[in-house]
Amino acid sequence: MADEALFLLLHNEMVTGVYKSADQGEVENGRCITKLENMGFRVGQGLIERFTKDTARFKDELDIMKFICKDFWTTIFKKQIDNLRTNHQGIYVLQDNKFRLLTQMSAGKQYLDHAPKYLAFTCGLIRGGLSNLGIKSIVTAEVSAMPACKFQVMIQKI
Amino acid sequence: MSSELFTLTYGALVTQLCKDYENDEDVNKQLDKMGYNIGVRLIEDFLARSNVGRCHDFRETADVIAKVAFKMYLGITPSITNWSPAGDEFSLILENNPLVDFVELPDNHSSLIYSNLLCGVLRGALEMVQMAVDVKFVQDTLKGDGVTEIRMRFIKRIEDNLPAGEE
């Protein structure tokens, strides 16, 4: 559906908007990332509620992570996560080789230092989705060459 | 399903803007500006996808906006009514506005034009096809009206080919 284009433009505009109203500097950069991540968090919570209304109970943590990688990712980004790794001790790495929010930006190293801004919202999406499934986590992202990126999820034992 | 992504993201954006700006008027202005920036890019996507030719008059433009563009991006087809005698103003009536699914306006934000992004988008997109228009909400279901009504007014044809300032 063409509304993907609409979402991409809205997302980019949000990133630009958040940074425009901030001053320069490390602290401000952190604040902007936090704002974007928090917006993603709210959206993730809402989305997971809608998606899992009729699904069966999840067996365990790994089951939930697989759901995020397959169903959740597909509904939002029209593709699955390409690779999921875990140390079976609460750390998961989700790799997307062609992340939809980065494909328009560059293929390779150009604009690499801007990439984190465009990943913050999605980190929040994952964290929010997990949160409403009862999992507290910290989600970070890293990019070495666009449009591939990795999301690292650290489950917090309450 | 993914239209909910847009709706929810938009909601998170408006909420954040309400936190950042003191009053509703400023939020409305920001939404309009952001919408404008989106519109000037969205038009390219639209023209590439829809293959519509040049519109010959404002009536054709209205048709394309309601029947093609709104359908393509928001999945709804507003109706076109209330043409001015001169044919330079019309209203888009949205029976339901997908942006406001799950939304309620709290009492202290009565002058917030929640969907104001749409006005900016329409304005920006049309400017890129050489039309200067004025777009505003005249009815809003969020404020208790029966329908959502957007009024569009043709101002003039833009003759210069110099792009207007984007921000």
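In this predicted model, helix α2(B) meets helix α4(B) through a long list of residues. On the α2(B) side, the contact includes Asn28(B), Leu31(B), Asp32(B), Met34(B), Gly35(B) and Tyr36(B). Ile38(B), Gly39(B), Val40(B), Leu42(B) and Ile43(B) also belong to the α2(B) side. Their partners in α4(B) include Asn116(B), Leu117(B), Cys119(B), Gly120(B) and Val121(B). Arg123(B), Gly124(B), Ala125(B), Glu127(B) and Met128(B) are also among the α4(B) residues. By class, the residues of this contact are twelve nonpolar, six polar and three charged.

The geometry goes with that list. Helix α2 covers residues 24–50 of chain B, and helix α4 covers residues 116–128. The two pack at an angle of about 40°, and their axes lie 6 Å apart. That angle makes α2(B) oblique to α4(B). The crossing is right-handed.

Helix α4(B) has another helix partner, α3(B), which spans residues 58–74. Here the angle is about 120° and the axes are 13 Å apart. α3(B) and α4(B) are therefore oblique to each other. Their crossing is right-handed. Thr61(B), Ile65(B), Phe70(B) and Leu74(B) of α3(B) make the contact with Leu118(B), Leu122(B) and Leu126(B) of α4(B). Six of these residues are nonpolar, one is polar and none is charged.

What is the order of elements in chain B? From the N terminus, they run α-α-α-β-β-α-β-β. That gives four helices and four strands. The radius of gyration is 16 Å, close to the 15 Å that the globule rule gives for 167 residues, so chain B is as compact as a globular protein of that length. The C-alpha trace spans about 45 × 35 × 35 Å along its principal axes. Of the 167 residues, 50% count as buried. Among contacts in chain B with a separation of 6 or more, 59% join residues 24 or more positions apart.

Next come some individual residues. The table lists three with their places and relative accessibilities.

| Residue | Place | Relative accessibility |
|---|---|---|
| Gln152(A) | strand β4 (148–155) of chain A | 29% |
| Lys78(A) | loop between α3 (61–77) and β1 (83–86) of chain A | 34% |
| Phe102(B) | loop between β2 (89–94) and α4 of chain B | 49% |

Gln152(A) counts as partly exposed. Which residues does Gln152(A) contact, leaving aside its neighbours within four places in sequence? They are Ile91(A), Tyr92(A), Val93(A), Ile138(A), Val139(A) and Thr140(A). Ile91(A) is 61 residues away from Gln152(A) along the chain, yet their C-alpha atoms are separated by 7.2 Å.

Backbone exceptions follow. Most residues other than glycine have a negative phi, and most peptide bonds are trans. Lys78(A) is not a glycine, but its phi is positive, about 65°. Lys78(A) is partly exposed. Phe102(B) also has a positive phi, near 70°, and is a residue other than glycine. Phe102(B) counts as partly exposed.

In chain A, the bond joining Met146(A) and Pro147(A) is a cis peptide bond. Its omega is about 0°. Pro147(A) sits in the loop between β3 (137–145) and β4 of chain A. Strand β4 of chain A is also the place of Gln152(A).

Conventions: Residues are numbered from 1 along each chain as its sequence is written. Chains are lettered from A and ligands numbered from 1 in the order in which they are written. This is a predicted model: local features need pLDDT of at least 70, side-chain atom pairs count only at pLDDT 80 or more; totals for chains, interfaces and linings use all residues. Side-chain values use heavy atoms; hydrogens and water are left out. Axes are lines fitted to C-alpha atoms, for helices over the stretch in contact, and angles run from 0 to 180 degrees between N-to-C directions. Angles under 35 degrees count as roughly parallel, over 145 as roughly antiparallel, 65 to 115 as roughly perpendicular and the rest as oblique. A crossing is left-handed if the near helix is turned anticlockwise from the far one by less than a right angle, and right-handed if clockwise. Contact means heavy atoms within 4.5 Å. Ala, Val, Leu, Ile, Met, Phe, Trp, Tyr, Cys and Pro count as nonpolar, Asp, Glu, Lys and Arg as charged, and the others, Gly among them, as polar. The radius of gyration is taken over C-alpha atoms; the globule rule is 2.2 Å times the number of residues to the power 0.38. Buried means under 20% relative accessible area, exposed over 50%, partly exposed in between (1.4 Å probe, protein chains only).
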